[in-house]
Amino acid sequence: SCPPLRAQPPSSTMDATPLLAPPSRSPRNALGLRSLALGAGTLALLFIGTSYLQTPAQSNEGFFLESALAARANAAARALRCPQKAMMRPDRRSSVLSSLRAKSQTVGTVKEPEIRIDTPLKIEAVLFDLDGTLLDFEGGSHDALNKVLEPFNSTGKAQLTWEMHGTIVGRRASEWSSEILEQCGISPDQLAPEKYVEKYLEKMPEYYPTMPLMPGALNLVKNLKAAGFKVAVASSSERLSIEKKLKFHPVLLELMDIVQPGDDPEIKAGKPAPDIFLAAAKKLGVKPENCLVFEDSPFGLQGAKAGNMACVAIPDARMPIADPARFGAADFLLNSMEEFKMDYIEKM
């Protein structure tokens with residue numbers, strides 16, 4: 001399959017390939033060569049575009065390819081009508097391609113990291129959500145949630161969609177279980193919310209051994225510790241669940257100063273309430289305003305902001321909630337932790 005097509009400098013294959021063949025001493029030969037070059041180029045783009053557009057997750061790149069194909073087709077038509085005026089100046093070609101790329105980046109998931117601060121943040125501690133932020137959790141979670149529903153899915157309607165999944169990310173199971181069952185048309189008599197959570201938690205350990213850390217997570221935590229910052233896990237998950245997950249990532253766990261679960265008695269409300277983050281800051285002995293939070297969900301972002309903390313948002317591209325518009329309050333909007341630079345923060 002073809003690799004994703006990314007924005008590339010003018011020296012790239014697409015930019016370097018003339019939209020039309022260079023002028024020839026013979027107008028007839030020049031026109032023939034131009035037509036041949038255009039035909040080959042269009043067929044190549046059609047091949048790439050067709051194979052790439054088959055992947056729904058890459059719809060933004062599909063838009064770019066469709067636009068590029070349309071531009072190429074228009075250029076071909078102009079060439080046949082007036083070969084002498086068909087040459088597109090390199091600066092104009094670059095401008096057109098830049099415009100197409102800009103349009104492709106306005107829809108869907110984050111394309112370019114957004115740094116919304118003017119000066120480095122002065123902080124003492126960094127708090128990390130676990131599921132979907134430090135740990136690539138949501139894929140396994142989605143599968144397990146649906147497997148519990150399978151016995152009740154004779155009609156095909158009792159199935160958790162990614163849209164539904166997006167509404168529960170960052171929240172406590174006691175808060176979302178009844179909502180999911182109601183949306184799936186499963187009554188409490190068929191499956192009680194508490195039983196749904198119990199069966200889900202029983203199934204999840206099957207996925208833990210193969211759950212990887214998110215790209216850049218371990219390296220960033222190491223850098224933060226080396227620079228003297230306090231670091232903590234601040235998760236809505238129960239303590240036992242957190243321990244089971246991080247058992248397979250002992251290096252990361254050892255780097256953490258504390259682990260703040262969502263089932264501590266002092267946590268009166270889960271995210272988007274700030275309770276979990278405030279409890280973590282208190283245990284670290286740090287003022288809330290001197291903390292930076294890493295989150296993957298709008299609910300976590302809301303909780304961080306409600307606690308008067310700065311926040312790095314890293315949306316999960318699989319979720320409809322990954323729409324950048326839902327992370328407008330974030331101080332940073334990134335694709336992964338690999339994009340976070342230590343220059344963005346300073347130790348108090």
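The exchange below asks how some labels attached to this predicted model follow from its values.

Reader: What makes some parts of the model less certain than others, going by pLDDT?

Author: pLDDT is the predictor's confidence in each residue, on a scale from 0 to 100. The chain averages 76, and 66% of the residues score at least 70. Over residues 1-108, however, the pLDDT is below 50. That stretch still has 93 contacts in the model beyond near neighbours in sequence.

Reader: Thanks, that helps. How many helices and strands does the chain have, and how much of it is buried?

Author: There are 13 helices and nine strands. Of the 348 residues, 46% count as buried. As for contacts with a separation of 6 or more, 71% of them join residues 24 or more positions apart.

Reader: Let's turn to the aromatic rings. Why is the pair of Trp176 and Tyr196 called edge-to-face?

Author: Happy to go through it! Two rings pair if their centres lie within 6.5 Å, and planes over 60 degrees apart count as edge-to-face. The centres of Trp176 and Tyr196 are 6.3 Å apart and their planes stand at 85°, so the pair is edge-to-face. A search of the whole structure finds seven aromatic pairs.

Reader: And what makes this pair a tie between separate parts of the chain?

Author: Trp176 lies in helix α7 and Tyr196 in helix α8, so the pair ties together parts that are 20 residues apart in sequence.

Reader: How do you know which kind of pair Trp176 forms with Tyr200?

Author: The same two cut-offs apply: centres within 6.5 Å and planes over 60 degrees apart. For Trp176 and Tyr200 the values are 6.0 Å centre to centre and 80° between the planes, which makes the pair edge-to-face. Tyr200 is in helix α8 and Trp176 in helix α7, so this pair ties together parts 24 residues apart in sequence.

Reader: Are Trp176 and Tyr200 buried or exposed, and how do you know?

Author: Buried means under 20% relative accessible area. Trp176 has a relative accessible area of 5%, so Trp176 is buried. Tyr200 is at 6% relative accessibility and therefore counts as buried too. Tyr196 is also buried.

Reader: Which residues form an aromatic cluster?

Author: Phe128, Phe294, Phe332, Phe340 and Tyr344 form one.

Reader: Where does Trp176 stand in relation to the second largest pocket?

Author: Trp176 is one of the lining residues nearest the pocket's centre, along with Arg171, Arg172, Ala173 and Ser237. The lining has 28 residues. Elements giving two or more residues to this lining are α5 (138-149), α7 (173-183), α8 (193-203) and α10 (239-246). The lining divides into 11 nonpolar, nine polar and eight charged residues, and the space in the pocket is about 450 Å³.

Reader: What makes helix α12 mostly covered?

Author: Seven of the 10 residues in α12 (residues 275-284) are buried. They are Asp275, Ile276, Phe277, Ala279, Ala280, Ala281 and Leu284. These buried residues pack against β3 (125-128), β4 (230-234), β5 (258-260), β6 (291-295) and α13 (298-306). Gly285 follows the helix, with a positive phi near 75°.

Reader: One last puzzle: why is Lys111 called partly exposed?

Author: Buried is under 20% and exposed is over 50%, with partly exposed in between. Lys111 has a relative accessible area of 24%, so Lys111 is partly exposed. Lys111 lies in the loop between α4 (90-104) and β1 (114-115). The C-alpha atoms of Lys111 and Leu334 are separated by 8.3 Å, although these residues are 223 residues apart along the chain.

Notes: Residues are numbered from 1 along each chain as its sequence is written. This is a predicted model: local features need pLDDT of at least 70, side-chain atom pairs count only at pLDDT 80 or more; totals for chains, interfaces and linings use all residues. Side-chain values use heavy atoms; hydrogens and water are left out. On a 1 Å grid over the protein atoms alone, a cavity is a set of points where a 1.4 Å probe fits but cannot get out, and a pocket is an open set with protein on both sides within 12 Å along at least five of seven lines; lining residues have an atom within 4 Å of a point. Grid points are joined across faces, edges and corners, and a volume is the space filled by probe spheres set on the points. Helices (H or I, at least four residues) and strands (E, at least two) are DSSP runs, numbered from the N terminus. Ala, Val, Leu, Ile, Met, Phe, Trp, Tyr, Cys and Pro count as nonpolar, Asp, Glu, Lys and Arg as charged, and the others, Gly among them, as polar. Contact means heavy atoms within 4.5 Å. Rings of Phe, Tyr and Trp (its six-membered ring) pair if their centres lie within 6.5 Å; planes under 30 degrees apart count as stacked, over 60 as edge-to-face and the rest as tilted. Buried means under 20% relative accessible area, exposed over 50%, partly exposed in between (1.4 Å probe, protein chains only).
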